[in-house]
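Trainee: I am new to this structure and would like a close look at a single part of it. Please start from one residue and work outward to what surrounds it.

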Amino acid sequence: MNMVSKIAKSPVAPSVGALLAEARRARGYSLGDVAETTGLTVAEVTALENDADFDASRIRRAASALRILEKIGNAPR
């Protein structure tokens, strides 16, 4: 396991992907709902939630659509 994986899976703070997934589920949105709203594909949203994609633009689009942009304000730009 590399250092990035250890940080992303830290029990101290939830990962960006975990925050996105939690917000999506809390709002009752499907992966397709988020994909349609953001212009991303379901595969891209899934990759973000699984911390397999760290593209800052896609993270911000999803976070903005889920109204949690302030929670991930320190995400890479």
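Mentor: Asp51 sits in the loop that joins H4 to H5. The model is a predicted one, and what follows should be read with that in mind. Asp51 is buried, its relative accessible area being 14%. Its phi is positive, about 55°, although Asp51 is not a glycine. The side chain of Asp51 comes to 2.9 Å from the backbone nitrogen of Gly17. Gly17 is one of the buried residues of H2, a helix that covers residues 16-26. The contact therefore leads from the loop between H4 and H5 to a residue of H2.

A second side chain reaches a backbone nitrogen of the next residue along, Ala18. This one belongs to Ser15, which lies in the loop between helix H1 (3-8) and H2. A polar atom of the Ser15 side chain is 3.0 Å from the backbone nitrogen of Ala18. Ser15 counts as buried, at 11% relative accessibility.

Now follow H2 itself. Its buried residues are Gly17, Leu19, Leu20, Ala21, Ala23 and Arg24. They pack against three other helices, namely H3, H4 and H5. After H2 comes Gly28, with a positive phi near 75°.

The next helix is H3, residues 31-38. At its start, a side-chain oxygen of Ser30 reaches to within 3.3 Å of the backbone nitrogen of Gly32. Val34, Ala35 and Thr38 are the buried residues of H3. Viewed down the axis of H3, these buried residues fall within an arc of 100°, so they line one face of the helix. They pack against H2, H4 and H5. The face turned away from the buried side carries Glu36 and Thr37, which are exposed. H3 is followed by Gly39, which has a positive phi, near 80°.

Ala35, found in helix H3, can serve as an example of the buried face. Its relative accessible area is 6%, and Ala35 is buried. Setting aside neighbours within four places in sequence, Ala35 is in contact with Leu40, Thr41, Val42 and Val45. Thr46 is 11 residues from Ala35 in sequence, and the two C-alpha atoms are 9.3 Å apart in space.

Val45 leads on to the largest nonpolar core, which has 14 residues. Those that touch the most other members are Leu20, Val45, Leu48, Ala63, Leu66, Ile68 and Ile72. Two or more residues of this core come from each of helix H2 (16-26), helix H3 (31-38), helix H4 (42-49) and helix H5 (56-65). As background, nonpolar side chains in soluble globular proteins tend to be buried together.

Leu66 shows how one core member is surrounded. Not counting residues up to four places away in sequence, Leu66 touches Leu20, Ala23, Arg24, Arg27, Tyr29 and Val34. Of these, Leu20, Ala23 and Arg24 are buried residues of H2, and Val34 is a buried residue of H3.

Beside Leu66 in the numbering is Arg67, found in the segment after H5. Here the surroundings can be set against those of the starting residue. Arg67 counts as exposed, with 52% relative accessibility, whereas Asp51 is buried. Phi is positive in both: near 60° for Arg67, which is likewise a residue other than glycine, and about 55° for Asp51.

Last, the chain as a whole. It contains 5 helices and 0 strands, and its elements run α-α-α-α-α from the N terminus on. Of its 77 residues, 32% count as buried. Among the contacts with a separation of 6 or more, 50% are between residues 24 or more positions apart. The chain exposes about 4800 Å², and carbon and sulfur atoms supply 55% of that area.

Methods. Residues are numbered from 1 along each chain as its sequence is written. This is a predicted model: local features need pLDDT of at least 70, side-chain atom pairs count only at pLDDT 80 or more; totals for chains, interfaces and linings use all residues. Side-chain values use heavy atoms; hydrogens and water are left out. A nonpolar core is a set of buried Ala, Val, Leu, Ile, Met, Phe, Trp, Tyr and Cys residues joined through side-chain atoms within 4.5 Å. Buried means under 20% relative accessible area, exposed over 50%, partly exposed in between (1.4 Å probe, protein chains only). Helices (H or I, at least four residues) and strands (E, at least two) are DSSP runs, numbered from the N terminus. Contact means heavy atoms within 4.5 Å. The arc is that of the directions from the helix axis to the C-beta atoms. A polar contact is a pair of N or O atoms within 3.5 Å; within protein, one must be able to donate a hydrogen and the other to accept it, and residues adjacent in sequence count only if both atoms are side-chain atoms. Accessible areas come from the Shrake-Rupley method with a 1.4 Å probe; for residues, only the protein chains shown count as cover.
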